[in-house]
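Got your viewer open? Let's take a walk through this protein, one selection at a time.

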Amino acid sequence: CRLSYPKNMRHLIALTVALLISASAMPCTICVVARNGQVIAAGNEDNANIDAKSRHWVRFAPAENKDELGYVGFGYDYSAVVNQAAMNEAGLFYDFNALPLHKGTNEGAEPANILKYDEMIKTCRTVEEALKFLDKYDIDGIAKAQMVIGDATGASAIVERHTTTKRAEGKDFQVGTNFRTSTTHWSNITCWRFKLCTAGFQRDEPISIESVRSLMERSMPKGDASISWYTTICDLKAKKVYLFRKGDFAKVAEIDLVADLKEGKRDIDMDAFMQAESKPYSKAG
């Protein structure tokens with residue numbers, strides 16, 4: 001979607017925002033880790049285990065001019081405008097956690113809607129560039145969310161409408177779940193998914209696609225009310241994505257972003273994509 005859109009698009013954006021933030025009670029686990037020469041970002045897209053939430057897409061969007069970057073995005077059928085998660089060909093990644101409402105604004109910044117994230121992923125190569133870009137805008141669509149962002153250099157941050165939390169000094173990883181990072185003290189964190197991933201990364205062991213995959217599998221929702229509809233594990237240096245569907249970590253579809261963008265612009269139903277592209281997962285990656 002381009003930022004020059006018809007007037008009726010405003011209604012679609014408003015609906016998309018409402019649907020994006022409606023799942024604030026649903027869990028999601030997102031992380032960025034840079035270690036042993038690798039940078040890996042991952043996210044479980046968790047939501048209600050109901051049919052209305054079950055249809056998703058994979059979006060390949062090649063650069064449309066020399067000043068843009070191509071990307072791959074992932075999202076819901078009911079939210080055709082907004083990528084829930086994306087990685088561009090420079091290795092910039094983002095994904096969202098849903099949160100309770102925060103009334104703070106990016107004071108003094110230009111009011112903007114969530115299509116600014118589309119512009120960001122098309123034009124920014126690093127976290128630093130993305131934060132400078134986003135600081136110019138007050139994006140109301142993130143009032144009930146936070147964005148975990150990382151890049152191929154290993155930098156990461158968690159962006160809210162009113163503030164940004166950079167990775168803690170001395171840490172090589174950052175984890176976001178469904179509490180507000182900027183206002184929650186470490187001693188008050190109760191999220192078991194955050195604790196599981198943090199403990200896994202604090203062991204200071206080498207990381208790999210397999211080690212991160214294992215954490216994502218273990219941090220899936222418990223019980224039948226919600227489900228990890230899909231999981232993305234992104235090698236930000238190699239520009240590859242490992243896509244798992246509906247909590248099935250025995251099969252994976254591998255996306256080579258550089259090669260796949262050459263096939264042109266397209267949105268593909270995620271189930272059809274998995275049927276065509278998935279193969280048995282191997283720990284060798």
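## Stop 1: a pair of hairpins

Start by selecting Ile-158 and Thr-165: Thr-165, in β11, is the bridge partner of Ile-158. Keep in mind as you click around that this is a predicted model. Now colour the whole of β10 and β11, which run antiparallel and are joined by three bridges. Together they make a hairpin, with four residues between the two strands.

Next, add β9 (residues 145-150) on the other side of the story. β9 and β10 also run antiparallel, and four bridges join them. Ile-158 turns up here again, as the bridge partner of Val-148. Follow the chain through the hairpin of β9 and β10, where five residues sit between the strands, and stop at Gly-154: it has a positive phi near 105°.

While you're here, show the side chains of β10 (residues 156-159). Which way do they point? Ser-156 and Ile-158 go one way, Ala-157 and Val-159 go the other way, and all are buried. That fits a general pattern: in a regular strand, side chains alternate between the two faces of the sheet.

## Stop 2: the seven-stranded sheet

Now hide the hairpins and colour the strands of an open sheet, in the order β12-β1-β2-β13-β14-β15-β17, paired antiparallel. Look at the two ends: β12 (173-176) and β17 (279-280) each have a single partner strand, so one side of each has no neighbour in the sheet. Zoom in on the β17 end, where two bridges pair it with β15 (residues 248-256) in the antiparallel sense. Select Val-252 and you'll find Lys-279 of β17 standing opposite.

Then bring in the helices. α4 (residues 192-202) packs on the sheet and touches β1 (29-35) and β12, with its direction at about 170° to that of β12. α5 packs on the sheet too, touching β1, β2 (38-48), β13, β14 (240-245) and β15, and its direction makes about 20° with that of β2.

## Stop 3: one serine after a helix

Select Ser-219, in the loop that links α5 (209-218) to β13 (226-235). Is Ser-219 buried or exposed? Ser-219 counts as buried, because its relative accessibility is 0%. Show what surrounds it: leaving out residues up to four places away in sequence, Ser-219 touches Thr-29, Asn-44, Trp-192, Arg-193 and Cys-197.

Try the distance tool here. The side chains of Ser-219 and Asn-44 make a polar contact of 3.3 Å. A polar atom of the Ser-219 side chain also lies 2.9 Å from the backbone oxygen of Leu-215.

## Stop 4: the empty spaces

How much space lies in the largest pocket? About 300 Å³. To find it, select Thr-165, Gln-174, Thr-181, Trp-186 and Phe-194, which are the closest to its centre among the 17 residues that line it. You've already met the elements that give two or more residues to this lining: β11 (164-166), β12 and α4. The largest share, three residues, comes from β12.

For the last selection, try Val-81, Val-82, Asn-83, Tyr-94, Ile-114, Leu-115, Tyr-117 and Asp-118, which line the second largest cavity. The space in this cavity is about 40 Å³, and there are two cavities of 30 Å³ or more.

Technical notes:
Residues are numbered from 1 along each chain as its sequence is written. This is a predicted model: local features need pLDDT of at least 70, side-chain atom pairs count only at pLDDT 80 or more; totals for chains, interfaces and linings use all residues. Side-chain values use heavy atoms; hydrogens and water are left out. Buried means under 20% relative accessible area, exposed over 50%, partly exposed in between (1.4 Å probe, protein chains only). A polar contact is a pair of N or O atoms within 3.5 Å; within protein, one must be able to donate a hydrogen and the other to accept it, and residues adjacent in sequence count only if both atoms are side-chain atoms. Contact means heavy atoms within 4.5 Å. Two strands pair if DSSP finds at least two bridges between them. Axes are lines fitted to C-alpha atoms, for helices over the stretch in contact, and angles run from 0 to 180 degrees between N-to-C directions. On a 1 Å grid over the protein atoms alone, a cavity is a set of points where a 1.4 Å probe fits but cannot get out, and a pocket is an open set with protein on both sides within 12 Å along at least five of seven lines; lining residues have an atom within 4 Å of a point. Grid points are joined across faces, edges and corners, and a volume is the space filled by probe spheres set on the points.
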